Amino acid sequence: MKREQVLRVGILLWLMVVWILLWGNISFGNIFGGLAVGMIIMVLLPLPRVPVEGRVHLLSILRLLWMIVYYAIQSSIQVAWLAIRPSPPPVTGVLRYQLGIKSDLVLTLCIDVLNLIPGTMVLEIDQNRRIVYVHVLDVGSQKAVSAFYRSVEDLERLFIASFERDSDWQPSPWHQRDYEFDAPRQEDQP
C-alpha cells in the first residue's frame with residue numbers, strides 16, 4: 001500500500017474509533033456503523049491533501065511530547081505565581097521569533113503547541129519568512145525573555161528532529177504553489 005492509502009485507512013479507523021467512543025460501547029453494530037459513517041464523511045467531506053515532506057521519528061516525538069508537558073507544567077506554575085504574588089502585574093509584550101521549520105504542517109503544529117503553553121499566545125504568523133509574533137505574559141526581565149527564546153528554540157529543534165530532518169526532507173512538488181500566486185511577477189515591478 002502507498003503512503004496515501006495507509007493514511008486514508010488510518011483516518012477511516014480513527015473515525016470509527018470516535019464513533020464507538022460516542023456511543024460508549026464496543027459492538028459489531030457500532031464498528032460497522034462507525035466504518036459506514038467514516039466512509040460517508042470521507043466521500044462527502046474530503047479533507048484537502050496535505051503534503052508530507054519528511055519522515056516521522058518516534059524517539060524524537062517522545063522527547064517532543066515530554067518537552068511539551070514539561071513546558072506546560074512549568075509555565076502553569078509561573079502563571080499561577082504571577083497571579084498570586086504580592087506585587088504589581090507583570091510586564092507583558094510581543095516578541096518575534098524566526099522559525100527554521102520548512103513545512104506548513106509542522107509550522108502549524110509548532111504554533112499550536114506555542115498557543116497551548118500558558119502565558120503565550122501567537123498573534124501573527126509571517127508564513128513566507130517563517131516569523132511568529134508571540135504575546136508573552138512576562139517580559140519584565142532579560143532572564144524571562146531569554147527563557148522564552150530558549151523554550152521556543154528547544155521546541156523548534158525538537159519539531160525539526162521529529163518531522164523534518166534534512167536527511168529525510170523531500171519537498172512536495174506543490175509545496176510552493178500557494179506562494180507563486182502571492183509573489184509579484186517580473187512585469188508587475190517598475
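1. Arg130 is found in the loop between β2 (120–126) and β3 (131–136), where helices and strands are DSSP runs numbered from the N terminus (H or I of at least four residues for a helix, E of at least two for a strand). Phi of Arg130 is near 60 degrees, a positive value in a residue that is not glycine. Arg130 also counts as buried, because its relative accessible area is 8%, the limits being under 20% for buried, over 50% for exposed and partly exposed in between, with a 1.4 Å probe and protein chains only.

2. A caution on the basis of these remarks belongs here. The model is predicted, so that local features need pLDDT of at least 70 and side-chain atom pairs count only at pLDDT 80 or more, while totals for chains, interfaces and linings use all residues. Residues are numbered from 1 along each chain as its sequence is written, and side-chain values use heavy atoms, with hydrogens and water left out.

3. Around that turn, β2 and β3 form a hairpin with four residues between them. The two strands pair in the antiparallel sense over six bridges, pairing being accepted if DSSP finds at least two bridges between two strands. Within this pairing, Ile125 has Val132 of β3 as its bridge partner, and Asp126 stands opposite Ile131 in β3.

4. The other strand to consider is β1 (93–98), which pairs with β3 in the antiparallel sense, again over six bridges; here the bridge partner of Gly93 is Val136. Which residues of β1 point to the buried face? Gly93, Leu95 and Tyr97 point to one face and are buried, whereas Val94, Arg96 and Gln98 point to the other face and are not buried, so that the side chains alternate along the strand.

5. Stepping back to the whole, the protein has six helices and three strands, and their order along the sequence follows the pattern α-α-α-β-α-β-β-α-α. Of its 190 residues, 31% are buried. Among contacts (heavy atoms within 4.5 Å) between residues at least 6 apart in sequence, 73% join residues at least 24 apart.

6. Helix α5 (142–163) deserves a careful look, since its geometry can be checked against expectation: the 22 residues of α5 should span 32 Å at 1.5 Å a residue, and its end C-alpha atoms are 32 Å apart, which agrees. The expected span is taken as 1.5 Å times one less than the number of residues in the helix. The buried residues of α5 include Ala144, Val145, Ser151, Val152, Leu155, Leu158 and Phe159, and also the charged Asp154 and Glu156. What do the buried residues of α5 pack against? Their partners are α3, α4 (104–116) and the strands β1, β2 and β3.

7. Phe148, which lies in helix α5, gives one local example of this packing. Is Phe148 buried or exposed? Phe148 is buried, because its relative accessible area is 6%. Leaving aside residues up to four places away in sequence, Phe148 touches Leu95, Thr120, Val134 and Val136. Val136 and Phe148 are 12 residues apart in sequence, and their C-alpha atoms are 8.0 Å apart in space. Two of these contacts can be tied to the strands discussed above, since Leu95 is among the buried residues of β1 and Val136 is the bridge partner of Gly93.

8. Helix α3 (58–84) may be read in a similar way. At 1.5 Å a residue, the 27 residues of α3 should span 39 Å, and the distance between its end C-alpha atoms is 39 Å, which agrees. Its buried residues are Ser60, Ile61, Leu64, Met67, Ile68, Tyr71, Ser75 and Leu82, and what covers them includes α4 and α5. The contact between α3 and α5 can be read from the other side too, because α3 is one of the elements against which the buried residues of α5 pack.
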